[in-house]
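Subject: Handover of the two-chain model

Dear colleague,

I am passing the structure below on to you, together with notes on what turned up when I went through it. Please read the notes with the structure open beside them.

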Amino acid sequence: MEDQELPYVLIDCIGGKHGVYEDHTEFLKTRFCLITMKEYLENKKFLGEKIRAIFMWYHKPVIDEELLQSLPNLKVVASSGVGIDHLDLNLLSSFGVKVSNTPFVVSTDTADLGVALMLASARRLVEGYQMAVSPDTEYFPADWLGVEVSGTALGIIGMGTIGYKVAQRARAFDMKILYHNRNQRNKEEESAVGAIYCKKIDDLLQQSDFVMLAVTLTPQTHKLIGKRELELMKPTATLINISRGLVVDQDALVEALQNKVIKAAALDVTYPEPLPRDHPLLKMKNVTITPHIGSATKETRRLMMENMTENIQAALTGLPIPNEVLL
Amino acid sequence: MAEQELPGVLILDIGGIHGVLPNIVALLQKHFRLITMKEFLENKKEMSKKIQSVFVFERRPTIDQELLESLPNLKVIANSGVGVDHLDLKMISNFGVKVTNTPHAVADTTADIGMALMLASARRLVEGCQIVISPDTKYFAVDWLGVEVTRATLGIIGMGNIGYKVAQRAKAFEMKILYHNRNQRKKEEEQAVGAHYCEKMEDLLQQSDFVMLALNLTPETCKLIGKRELGLMKPTATLINISRGAVIDQDALVEALQKKVIMAAALDVTDPEPLPRDHPLLKLNNIIITPHIGTATVQAIRMMAEEAIANMLAVLNGQPIPSEVFPK
């Protein structure tokens with residue numbers, strides 16, 4: 001098949017720190033004619049008319065009004081990952097451009113990471129590792145202890161696909177599971193994981209040993225966890241965030257940790273990412289932070305790419321888009 | 001009740017680096033008169049007759065022939081923890097002294113550490129944390145990846161209490177579970193966790209993405225995992241050890257990790273603990289080591305003491321002993 005017959009799809013670049021993965025390009029190139037931003041900018045007039053889709057890998061290329069105006073035949077933006085807080089959905093809609101994400105393929109990896117953070121924080125894994133390898137270590141003290149995970153109470157805020165998979169995993173640790181969600185799940189789903197609905201978030205916060213945030217970032221969930229919520233938590237509790245940094249009032253979190261209002265925090269996400277190098281969260285012993293790796297496995301990134309491809313193909317052939325994000 | 005009437009229990013020390021923790025001391029004192037090694041050595045004549053039990057915490061005090069000979073009324077050595085590889089069971093038995101351990105108190109907490117190590121290793125958690133705090137970090141690279149745990153294959157070597165609880169947890173991660181054990185478990189037990197028995201350990205090693213060691217250290221299991229076994233594992237596999245360091249041929253492990261015969265290792269236990277500061281294992285970047293924290297939680301330490309106390313009281317009162325350990 002000649003190149004011209006494949007749909008033209010805009011990407012940021014291939015390889016390097018932010019680009020589409022080299023080992024994904026073979027798959028993509030049998031289905032699309034990939035145009036990098038560099039190529040596009042060098043030949044705007046011709047390529048602008050041809051581009052019908054954008055393959056947005058980790059928020060790049062950045063889509064603004066100027067770009068949308070110069071791509072008259074753009075039909076769809078396929079975004080990697082489940083979060084779409086980085087996209088201006090109203091703007092895209094005003095240009096008649098559809099949007100897709102990859103909501104389901106990321107869920108098990110992100111749930112796994114949530115549990116990994118909970119265990120690592122509770123058992124002081126990173127601190128323990130540092131002791132085990134430190135040149136100054138002469139013995140392991142008997143009074144160096146962490147806290148239990150098994151048999152304790154986990155409060156999940158946001159019981160979507162990811163939150164539910166966290167619940168499935170936590171149940172196997174004999175955890176008591178509370179959850180807070182926009183809507184209550186049905187009885188079978190609840191009893192399958194032994195989850196108890198807390199209509200009021202306060203009830204969940206007051207009873208949980210571990211509070212896990214698995215919500216979407218929206219105007220309603222922005223700073224959902226602030227000073228008031230942190231104070232409702234047990235002083236022995238740990239906050240775990242696998243959503244978005246902005247769901248937590250970060251300054252309030254710093255203060256709460258410094259004043260021992262809560263015991264510890266484990267965050268895969270912050271605002272911004274990375275944090276400024278002098279940020280107080282980076283210096284605290286009771287804080288575990290990972291570099292937004294919720295979906296960072298080879299297998300899942302491949303599935304994400306294939307999912308995005310499927311969405312683009314559906315949009316360009318006028319079929320229903322499997323993972324369309326609606327306003 | 002006057003103090004002299006409580007049975008005497010020997011411990012290494014109260015508090016301090018290796019001593020019994022203060023809140024555990026309080027638990028013990030409800031039933032026993034505690035005698036530290038220092039008190040015993042300073043007043044052997046009087047103290048030796050009072051001691052009916054030794055509470056061994058974190059492998060101390062060391063039980064040798066000399067000690068056993070000087071405790072004529074010793075009835076039981078109650079170990080805090082399940083592993084008793086540090087105790088010469090035959091020698092102790094020759095003195096007519098019973099040995100007990102705490103298999104129930106340790107199981108959940110140790111299974112949790114096994115899962116924590118597997119997840120941390122697969123997702124490169126420790127490395128990730130280092131990137132987050134490094135002064136040189138300007139951005140998070142998009143092509144920095146770990147490997148999946150969900151739906152991967154876990155091979156558990158040693159399917160006792162701890163191994164089984166690991167299987168229960170791993171099932172919730174949709175893992176395929178293989179196990180190797182002295183004896184096959186009952187069908188109902190296998191089905192409850194979806195575990196497949198591998199009579200030959202080789203089959204487990206060849207098929208597993210994660211190999212977890214959860215067995216006792218005995219003369220038979222010493223260096224169970226050596227060069228040959230590591231060579232049978234997948235080059236993409238991770239070895240996790242929550243048993244005892246001596247179950248692995250450590251030199252063979254160093255070589256296997258250096259030559260990428262296996263992908264990574266995560267060890268809560270080594271031989272010795274801690275490792276010498278110049279040990280090659282400490283220099284590798286595809287290994288996580290934790291300082292033997294399998295039962296290092298406030299709750300587990302307490303439960304272990306309670307289980308040990310129940311064992312001691314049973315022996316001293318001539319009742320059935322919950323967790324007696326016999327020499328082979």
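How far apart do the end C-alpha atoms of residues 115-294 of chain A lie, and what are the helix and strand percentages of that span? The distance between those end C-alpha atoms is 11 Å, and the span is 32% helix and 16% strand. Please keep in mind throughout that this is a predicted model.

The span in that question is taken from UniProt, where an unreviewed entry places the feature "domain: D-isomer specific 2-hydroxyacid dehydrogenase NAD-binding" at residues 115-294 of chain A. For chain B, the UniProt annotation of that name, again from an unreviewed entry, covers residues 115-294, and over these residues chain B is 32% helix and 16% strand, with its end C-alpha atoms 11 Å apart.

UniProt also lists, from unreviewed entries, a feature "domain: D-isomer specific 2-hydroxyacid dehydrogenase catalytic", which is placed at residues 34-325 in chain A and at residues 20-325 in chain B. In chain A, the span 34-325 is 37% helix and 15% strand, and 23 Å separate its end C-alpha atoms. In chain B, the span 20-325 is 39% helix and 16% strand, and the end C-alpha atoms lie 22 Å apart.

Turning to the chains as wholes, chain A has 13 helices and 12 strands, and its C-alpha trace spans about 70 × 55 × 30 Å along the principal axes. The radius of gyration of chain A is 22 Å, which agrees with the value near 20 Å that a compact globule of 327 residues would have. Chain B, for its part, contains 13 helices and 13 strands; its radius of gyration is 22 Å, close to the 20 Å that the globule rule gives for 328 residues, so chain B is as compact as a globular protein of that length. Taken along the principal axes, the C-alpha atoms of chain B fill a box of roughly 70 × 50 × 30 Å.

The interface between the two chains deserves a careful look. The contact takes 65 residues from chain B and 63 residues from chain A, and the area buried between them is about 5,500 Å², of which carbon and sulfur atoms give 66%. The rule for salt bridges finds 0 across this interface, whereas 25 residue pairs are in polar contact between chain B and chain A, counting pairs with both residues at pLDDT 80 or more. On the side of chain B that touches chain A, the elements that give two or more residues are helix 6 (103-122), helix 7 (125-133), helix 8 (161-171), strand 12 (287-289) and helix 13 (298-316) of chain B. Helix 6 of chain B provides the largest share of that side, with 9 residues. By residue class, the side of chain B that touches chain A divides into 37 nonpolar, 16 polar and 12 charged residues.

Although no salt bridge was found between the chains, the count over all chains comes to 29. One of the salt bridges is formed by A:Asp112 and A:Arg169, whose closest N and O atoms are 2.7 Å apart. This pair links distant parts of the chain, 57 residues apart, since A:Asp112 is in helix 6 (residues 107-122) of chain A and A:Arg169 is in helix 8 (residues 161-171) of chain A.

Lastly, there are a few points of backbone geometry to inspect. In chain A, the peptide bond from A:Lys60 to A:Pro61 is cis, with omega near 5°, and A:Pro61 lies in the loop between strand 3 (51-56) and helix 4 (65-69) of chain A. In chain B, the peptide bond from B:Arg60 to B:Pro61 is cis, with omega near 5°, and B:Pro61 is found in the loop between strand 3 (51-57) and helix 4 (65-69) of chain B. A:Lys223, although not a glycine, has a positive phi of about 50°; this residue sits in the loop between strand 9 (210-213) and helix 11 (227-232) of chain A.

With kind regards

How values were computed: Residues are numbered from 1 along each chain as its sequence is written. Chains are lettered from A and ligands numbered from 1 in the order in which they are written. This is a predicted model: local features need pLDDT of at least 70, side-chain atom pairs count only at pLDDT 80 or more; totals for chains, interfaces and linings use all residues. Side-chain values use heavy atoms; hydrogens and water are left out. Contact means heavy atoms within 4.5 Å. Buried area is the accessible area (1.4 Å probe) that two parts lose on being put together, summed over both. A salt bridge is a side-chain nitrogen of Lys or Arg within 4 Å of a carboxyl oxygen of Asp or Glu. A polar contact is a pair of N or O atoms within 3.5 Å; within protein, one must be able to donate a hydrogen and the other to accept it, and residues adjacent in sequence count only if both atoms are side-chain atoms. Helices (H or I, at least four residues) and strands (E, at least two) are DSSP runs, numbered from the N terminus. Ala, Val, Leu, Ile, Met, Phe, Trp, Tyr, Cys and Pro count as nonpolar, Asp, Glu, Lys and Arg as charged, and the others, Gly among them, as polar. UniProt positions are given in the numbering used here, feature names are shortened, and annotations may be inferred rather than shown by experiment. The radius of gyration is taken over C-alpha atoms; the globule rule is 2.2 Å times the number of residues to the power 0.38.
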